[in-house]
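Visitor: Could you take me closely through one part of this model, the aromatic rings and how they pair, and then set that part within the rest of the chain?

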Amino acid sequence: MIYTITVNPAIDYVVQLPAMQLGSVNRLAHTAKLPGGKGINVSQILNDLEQPNVALGFVGGFTGAFVTDALKAKGLTCQFTKIADDTRINVKIHAEQETELNGAGPDITSAEVDAFYQELAHLTPDDVVVMSGSLTPSLPDSFYYDIIQKVKAAGANFVIDTTGEALKKTLPSQPLVVKPNNHELAAYYDTTFNSQADIIAAGQRMLGEGAQHVLISMAGDGGLLITPDHVYFSPAPKGHVINSVGAGDSMIGGFVGTFAKTHDAIESFRYGLACGSATAFSEDIATRAKIDEILPLIKIEDLTN
């Protein structure tokens, strides 16, 4: 089983209007209320790939009920931990410019954290836990690290979508895959890249620090997969980018979902790229039809010397 964890989900209240006038009443041309969260995005891709998964996290109040009901309506299996405080609302304003007003998130008590940990009490070595997105202010910075210790004690694999110091702490625990983009990778090692060879060398360094696979996205310049024995490159497929939000989550979902079925890193890379691109070329998280449309466009080259 694959478990996705969205600690701080939200209702994304998306509003559209031709122009926004501050200090005045604005009439909205279009609105939408969507369940939001990085782990939730991963679960949606896993569902598209027909990979069994369970969405975990914290939800509370009428907003949390909306998130749960909307995801179940999409066919997701949810085992969220109920909390007393309300799930947050993020406001996404699409006018002359795009503006976001994101809530910090609810207060989560120690008793509620203990209840959440019970969802991880039956992990097996065949399971994968994917952790994505921000923590709520009430949780300690070590929250993800504490989960990783439980995952490793069960012999299971984990994936964490994070950067900087948080990533540095997790690498010795051998995440199944890490997915920095080239800019994040440069910032991580406090350097600049002058060539693809520089990027590959940094990815191999990250592999040496504990990651099992390193997946590097480079936007229009394609993607790299670095394994202990090989370096693979794929150019970006041609398409019109509509919405890059969720593309990275989709890439993780495609890689992890395929690897769980095949244990084939190259095929997992192929699906990861297809899912990420399919979401970038869509208004929302990609559908299976869009993924299948993009998949034949993914070409992979072995750069290993």
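Guide: Among the contacts in the protein with a separation of 6 or more, 65% are made by residues 24 or more positions apart. The model is a predicted one, and the aromatic rings give a good place to follow such links through it.

A search of the whole structure finds eight aromatic pairs. One of them joins Phe116 and Phe143, whose ring centres are 5.9 Å apart and whose planes make an angle of 40°, so that the pair counts as tilted, since tilted covers the angles that are neither under 30 degrees nor over 60. This pair links distant parts of the chain, with Phe116 in helix α3 (residues 110–117) and Phe143 in helix α4 (residues 143–153), 27 residues apart. Phe116 and Phe143 are both buried. Phe143 also pairs with Tyr144, again in a tilted arrangement, with 6.3 Å from centre to centre and 45° between the planes. Tyr144 is buried, as is Phe143. Taken further, ring pairs connect Phe58, Phe116, Tyr117, Phe143 and Tyr144 into a cluster.

Rings also appear in another kind of arrangement, with a lysine placed over the face. The charged end of Lys169 sits over the ring of Tyr145, at 4.8 Å from the ring centre. Lys168, for its part, lies over the face of Tyr188, where the distance from the ring centre is 5.8 Å.

From the rings one can step back to the whole protein, which has 10 helices and 13 strands. Its radius of gyration is 19 Å, close to the 19 Å given by the globule rule for 305 residues, and the protein is therefore as compact as a globular protein of that length. The C-alpha trace spans about 60 × 45 × 40 Å along its principal axes. Of the 305 residues, 49% count as buried, while the accessible surface comes to about 14,100 Å², with 50% of that surface belonging to carbon and sulfur atoms.

The UniProt record, an unreviewed entry, carries the annotation "domain: Carbohydrate kinase PfkB" for residues 8–282. Over that range the chain is 37% helix and 21% strand, and the C-alpha atoms at its ends are 24 Å apart. Helix α9 (residues 265–280) holds Ser277, which is buried because its relative accessible area is 14%, under the 20% cut-off. Leaving out residues up to four places away in sequence, Ser277 touches Pro237 and Ile294.

Helix α1 (residues 38–48) shows burial along a whole element: eight of its 11 residues are buried, and the helix is therefore largely enclosed by the rest of the structure. The buried residues of α1 are Gly39, Ile40, Asn41, Val42, Ser43, Gln44, Ile45 and Leu46. After α1 comes Glu50, which has a positive phi. Glu50 lies in the loop between α1 and β4 (53–60), and its phi is near 60°, a positive value in a residue other than glycine. With a relative accessible area of 65%, Glu50 is exposed, because exposed is used for values over 50%.

Asp190 is another residue other than glycine with a positive phi, here near 50°. Its place is in the loop between α6 (182–188) and α7 (196–208), and Asp190 is exposed, with a relative accessible area of 72%.

Asn157, finally, brings the account back to contacts across the sequence. Asn157 belongs to strand β9 (residues 157–161) and is partly exposed, with a relative accessible area of 22%. Apart from neighbours within four places in sequence, Asn157 is in contact with Asp127, Val128, Val129, Val151, Gln174, Leu176 and Gln212. Glu98, by contrast, is 59 residues from Asn157 in sequence and 37 Å from it in space, C-alpha to C-alpha.

Conventions: Residues numbered from 1 in each chain as written. Predicted model: local features only at pLDDT ≥ 70, side-chain atom pairs only at ≥ 80, totals over all residues. Heavy atoms only, no water. UniProt positions renumbered as here; feature names shortened; annotations may be inferred. Helix = DSSP H or I, 4+ residues; strand = E, 2+ residues; numbered from the N terminus. Buried < 20%, exposed > 50% of the residue type's maximum accessible area, 1.4 Å probe, protein only. Contact = heavy atoms within 4.5 Å. Phe/Tyr/Trp six-rings, centres within 6.5 Å; stacked < 30°, edge-to-face > 60°. Lys NZ or Arg CZ within 6 Å of the ring centre and 35° of its normal. Rg over C-alpha atoms; globule rule 2.2 N^0.38 Å. Areas by Shrake-Rupley, 256 points an atom, 1.4 Å probe, with all protein chains shown as cover.
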